[in-house]
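Reader: Please show me the structure that we are to discuss. I should like to ask how each term is justified.

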Amino acid sequence: MAAAAMVVAAPAGGGDFSDLREIKKQLLNVAERSRERGLQHSGKWAAELAFALEPLPLNELPPPPELTEEDARDLDAYTLAKSYFDLKEYDRAAYFLQGCKSQKAYFLYMYSRYLSGEKKKDDETVDSLGPLEKGQVKNEALRELRVELSKKHKAQELDGFGLYLYGVVLRKLDLVKEAIDVFVEAAHVLPLHWGAWLELCNLITDKEMLKFLSLPDTWMKEFFLAHIYTELQLIEEALQKYQSLIDAGFSKSTYIISQIAVAYHNIRDIDKALSIFNELRKQDPYRIENMDTFSNLLYVRSMKPELSYLAHNLCEIDKYRVETCCVIGNYYSLRSQHEKAALYFQRALKLNPRYLGAWTLMGHEYMEMKNTSAAIQAYRHAIEVNKRDYRAWYGLGQTYEILKMPFYCLYYYRRAHQLRPNDSRMLVALGECYEKLNQLVEAKKCYWRAYAVGDVEKMALVKLAKLHEQLNESEQAAQCYIKYIQDIYSCGEVVEHLEVSTAFRYLAQYYFKCKLWDEASACAQKCCAFNDTREEGKALLRQILQLRNQGETSSTDVAAPFFLPASLSANNTPTRRVSPLNLSSVTP
């Protein structure tokens, strides 16, 4: 019976985009059917995607969905109820739809009841943005809806939209396994409904789980896989998928462009993400979705004028959207007005208590204000909304670090690391945690791994070197310091980098102990370029000069496999500021 409710032709098989006209017809059809059922976001997604394809001639436009006998009988009640539904009068819409038998009217009846319960729950939640125990505020309609939809499901009387709603109800009741099965079934029955795919995305926690899903072989699966790869931080795979979709004919799709920008944001390729977002704003200047992500990038780069312009612009478009509130919050945060920033994130949550980004950002603001208990609460909310939010796990780790609770801290950093295995910040945080717990072998592994995956903050090698120093492993410490100096100079960073002087001081002393006067002298001269090591550098140079005058020769029996390049010669005068050198020739 469910399959009989399908009006649209089954979409082409896996990744087959050869007939774009047929795909456009399918998208227009499902956009109309989604709107009829009040599924505005799914309708909008299909319409945006259809808009990216070439227009159809009049004789190829899809006909309006066919009406059945049941549709005709329920038409008056459905038309009246839909007008109430559009005005968010959900109880009123449900009242007039009681007893309707057609698939469309029945879906709207059940969906109205579901949304009515959600609205009441949100109203209660919003009254206080304080502690929210799991299940403290409930949608009272869920259990009744589950019973009714379950009967229909067993009798195979649910179409693709009905299965989607049944899956949503199961997910809300925390019946995750059953919900996944129902969403997969919904995707098979109505592969064109994006809402079912999106719900499935939110329930998949890792790549292994994805492998075991029996998904329909349709071109829609390509969009789903690209989206889930982005969510699971498998960015390379996601970008490949999006590129293949662009090549297939969706190059004008603002949805795909925004997803690519989000993907680059997730791997912290800030310049690339910013340029794509700027391009997206030119194509779709009144777009509000994803602008909070854009504002995060502007915040990271401290681009105050651009962030101010974005905030004003979104205010003019719609000041009561969660994204707008988050952008304004980021703007105030960049100006260090943390109370005002937190206020705007709270406003965003009053508009949508399940908006993930606002909970995480509010946690950051509370951290800035040293309000650790409120920060913990906000981060916990974020995790409740989405367990894949690594920023919330990382934030919790930082909060417990401030509270000097390293075991808690370790747990949360581990969770963040599981979600972002190649993020050096998570690994460095884990290493620091292990260090505090005196698990030095684990700490060493973390710092080395952080360096291996590409250390964003250039701190892993210094921390590793200090650890070796602490354990009296002088050769390994020297090796780490040389690698560190090499990296700092090769990427053209400012020589006043906090730990460069520490590295040169250690190497100067190390070579001095090894009686390698030339190398020690070169490093000591480098120390003279920094305020905090200048006196030590001068003292060491005097000692070297004294020993040389006494006729001490360089040691040949001490193994010292680490040499600075010849360009760091002893001829450099201590007082002259040395320009950054290319140390890439150093091979430890």
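**Charges, rings and burial**

Author: The structure holds 32 salt bridges. This is a predicted model, in which local features need pLDDT of at least 70 and side-chain atom pairs count only at pLDDT 80 or more, while totals for chains, interfaces and linings use all residues. Residues are numbered from 1 along each chain as its sequence is written, and side-chain values use heavy atoms, with hydrogens and water left out.

Reader: What makes the contact of E36 and R37 a salt bridge?

Author: A salt bridge requires a side-chain nitrogen of Lys or Arg within 4 Å of a carboxyl oxygen of Asp or Glu. The N to O distance between the side chains of E36 and R37 is 3.7 Å, so the pair meets the definition.

Reader: Why is E36 called buried?

Author: Buried means under 20% relative accessible area, exposed means over 50%, and partly exposed lies in between (1.4 Å probe, protein chains only). E36 has 16% relative accessibility and therefore counts as buried. R37, at 6%, is buried as well.

Reader: Where in the chain do R113 and E144 lie, and how do you know that they form a salt bridge?

Author: Their side chains meet at 3.3 Å, N to O, so the pair satisfies the salt-bridge definition. The pair links distant parts of the chain: R113 belongs to helix α5 (residues 103–127) and E144 to helix α6 (residues 142–154), 31 residues apart. Helices here are DSSP runs (H or I, at least four residues), strands are likewise runs (E, at least two), and both are numbered from the N terminus. R113 has a relative accessible area of 14%, so it is buried.

Reader: Which of the two residues D284 and R287 is buried, and which is partly exposed?

Author: R287 is buried, because its relative accessible area is 5%. D284 has 22% and is therefore partly exposed. The closest N and O atoms of this salt bridge are 3.7 Å apart. Elsewhere, salt bridges that share partners join E118, K121, K172 and R354 into one network.

Reader: I now turn to the rings. How many aromatic pairs are there, and why is the pair Y411 and Y412 called edge-to-face?

Author: There are 28 aromatic pairs in the structure. For Y411 and Y412, the ring centres are 5.0 Å apart and the planes meet at 75°. Rings of Phe, Tyr and Trp (its six-membered ring) pair if their centres lie within 6.5 Å; planes under 30 degrees apart count as stacked, over 60 as edge-to-face and the rest as tilted. The angle of 75° is over 60, so the pair is edge-to-face. Y411 is partly exposed, because its relative accessibility is 41%, whereas Y412 is buried at 6%.

Reader: What makes the pair W448 and Y451 tilted?

Author: The planes of W448 and Y451 lie at 40°, with the ring centres 5.4 Å apart, so the pair is tilted. Both residues lie in helix α24 (residues 440–452), three residues apart, about one turn of the helix. W448 has a relative accessible area of 41% and is partly exposed; Y451, at 23%, is also partly exposed.

Reader: How do you know that the charged end of K152 sits over the ring of Y106?

Author: A charge sits over a ring if NZ of Lys or CZ of Arg is within 6 Å of the ring centre and within 35 degrees of the ring normal. The charged end of K152 is 4.4 Å from the centre of the Y106 ring. R420 lies over the face of Y390, at 4.3 Å from the ring centre.

Reader: Which residues are in contact with W45, and why is W45 called buried?

Author: W45, found in helix α2, has a relative accessible area of 6%, so it is buried. Contact means heavy atoms within 4.5 Å. Leaving aside neighbours within four places in sequence, W45 is in contact with L27, W194, M220, F223 and Y255. W45 also belongs to one aromatic cluster with W194, W219, F223, F250 and Y255.

Reader: Why does T399 count as buried?

Author: T399 has a relative accessible area of 0%, so it is buried. T399 is placed in helix α21 (residues 390–402).
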